[in-house]
Amino acid sequence: MFVLVNLKTYPCDPVAVAEAVRDVNESTDARVAVAPQAAHLERVAETGAETWAQHVDPIDYGSNTGHTLAETVAEAGAVGTLINHSEQRLKLADVDGAVEAAERADLETVVCANNPAQIGAAAALGPDAVAVEPPELIGTGTPVSQADPDIVEDAVEAAQAVDADVSVLCGAGISTGDDVVAAGDLGSEGVLLASGVAKADDPTAALEDLVAPL
Ligand SMILES: O=C(CO)COP(=O)(O)O
């Protein structure tokens with residue numbers, strides 16, 4: 001299972017979380033990675049943790065003030081990027097352009113989507129993975145795998161119908177090892193999560209709990 005910890009703009013110490021991600025990754029068969037804010041990418045990557053960007057824009061080098069260029073993210077040490085997170089929605093054409101930009105920079109891609117229909121559309125753009133995250137469950141602590149298991153199974157089916165090579169992750173409210181196991185049982189190859197680690201008093205303990213059954 002892939003466990004991708006999105007730090008959003010939570011007021012945690014990104015380097016401390018990254019060190020916990022690095023250490024827990026070494027102690028488990030699961031793959032554990034962290035997605036800090038763009039300005040923290042370099043410091044986080046220097047810890048040795050697998051580092052992802054939260055977003056890249058559908059642009060190339062040039063006159064794009066305030067945008068995030070995929071090549072710069074890669075140079076800062078990211079190996080992958082989220083695209084179209086529920087909190088950073090893009091138009092379909094821009095999701096396509098962002099996937100293209102990420103591929104140009106050799107970044108692995110996870111395109112997020114709200115529901116199985118959008119997952120099918122996202123899978124058609126050829127990312128490495130898609131992630132279904134029902135927005136109403138994000139940050140609630142109620143795991144998608146428990147509150148809405150059908151959405152995960154339907155997302156897996158929708159992605160497979162379009163491109164069987166695209167992995168499916170799920171997210172929203174995931175915070176325990178049991179949640180991760182339940183996600184896997186529904187056909188998900190990984191989880192995206194944030195508050196369960198970024199807001200935890202002890203991020204290392206939270207991460208250890210997440211991977212314990214894997
Ligand atoms: O948006 C998410 C991960 O990208 C999910 O957030 P929570 O884990 O806080 O529900």
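V34 touches V5, L7, V17, A18, V21, V44, A49, T51 and W52, leaving out residues up to four places away in sequence. In this predicted model, V34 also has a special place in the largest nonpolar core: among the 74 residues of that core, V21, V34 and V130 touch the most other members. Helix α7, residues 149-162, gives the core its largest share, with 6 residues. As background, nonpolar side chains in soluble globular proteins tend to be buried together.

**Two helices side by side**

V21 leads us on to helix α1, which covers residues 14-26. Helix α1 packs against helix α10 (residues 203-211) at an angle of about 35 degrees, and their axes are 9 Å apart. The crossing of this pair is right-handed. On the α1 side the meeting residues are A16, V17, A20, V21 and V24, while α10 brings P203, T204, L207, E208 and V211. Sorted by class, this contact has 8 nonpolar, 1 polar and 1 charged residues. V17 and V21 turn up here in the α1 and α10 contact, and both are also among the residues that V34 touches.

**The annotated active site**

An unreviewed UniProt entry places the feature "active site" at H85 and E133. The two span 49 residues in sequence, but their C-alpha atoms are no more than 8.6 Å apart, so they gather at one spot.

H85 sits in the loop between β4 (80-83) and α4 (92-104). E133 belongs to another stretch of chain, the loop between β6 (129-132) and α6 (144-147). Are these residues buried or exposed? H85 counts as buried because it has 23 C-beta neighbours inside 10 Å, where 20 or more are needed. E133 is buried too, with 28 other C-beta atoms within 10 Å.

Beyond four places in sequence, H85 touches Q54, H55 and C112. With the same neighbours in sequence set aside, E133 touches S86, C112, I138, G171, A172 and L192. C112 therefore appears in the contact lists of H85 and E133 alike. One of the partners of E133 deserves a closer look: A172 is 39 residues away from E133 in sequence, but the C-alpha atoms of the two are 5.6 Å apart.

**The annotated binding site**

The unreviewed UniProt entry also lists a "binding site" made up of N6, L7, K8, I138, G173, A194 and S195. These positions are spread over 190 residues of sequence, yet they cluster in space, with a largest C-alpha distance of 14.2 Å. I138, which is on this list, is also touched by E133 of the annotated active site.

N6 lies in strand β1 (residues 2-6), and K8 follows in the loop between β1 and α1. Which residues does N6 contact, apart from its neighbours within four places in sequence? They are A35, Q54, L82, L192 and A194. For K8, with the same neighbours left aside, the contacts are A194 and A198. A194 is thus a partner that N6 and K8 have in common.

Here is how the annotated residues discussed above compare with D106, which comes up next:

| Residue | C-beta neighbours within 10 Å | Burial |
|---|---|---|
| N6 | 25 | buried |
| K8 | 18 | partly exposed |
| H85 | 23 | buried |
| E133 | 28 | buried |
| D106 | 11 | exposed |

**Two backbone angles to look at**

Most residues other than glycine have a negative phi. K8 is not a glycine but has a positive phi of about 45 degrees. D106, again not a glycine, has a positive phi of about 60 degrees. Where is D106 found? It is in the loop between α4 and β5 (108-113). D106 counts as exposed because 11 C-beta neighbours lie inside 10 Å and the limit is 12 or fewer. K8, in contrast, is partly exposed, with 18 other C-beta atoms within 10 Å.

Conventions:
Residues are numbered from 1 along each chain as its sequence is written. This is a predicted model: local features need pLDDT of at least 70, side-chain atom pairs count only at pLDDT 80 or more; totals for chains, interfaces and linings use all residues. UniProt positions are given in the numbering used here, feature names are shortened, and annotations may be inferred rather than shown by experiment. Helices (H or I, at least four residues) and strands (E, at least two) are DSSP runs, numbered from the N terminus. Two residues are in contact if their C-beta atoms, placed from the backbone, lie within 7 Å. A nonpolar core is a set of buried Ala, Val, Leu, Ile, Met, Phe, Trp, Tyr and Cys residues joined through C-beta atoms within 7 Å. Axes are lines fitted to C-alpha atoms, for helices over the stretch in contact, and angles run from 0 to 180 degrees between N-to-C directions. A crossing is left-handed if the near helix is turned anticlockwise from the far one by less than a right angle, and right-handed if clockwise. Ala, Val, Leu, Ile, Met, Phe, Trp, Tyr, Cys and Pro count as nonpolar, Asp, Glu, Lys and Arg as charged, and the others, Gly among them, as polar.
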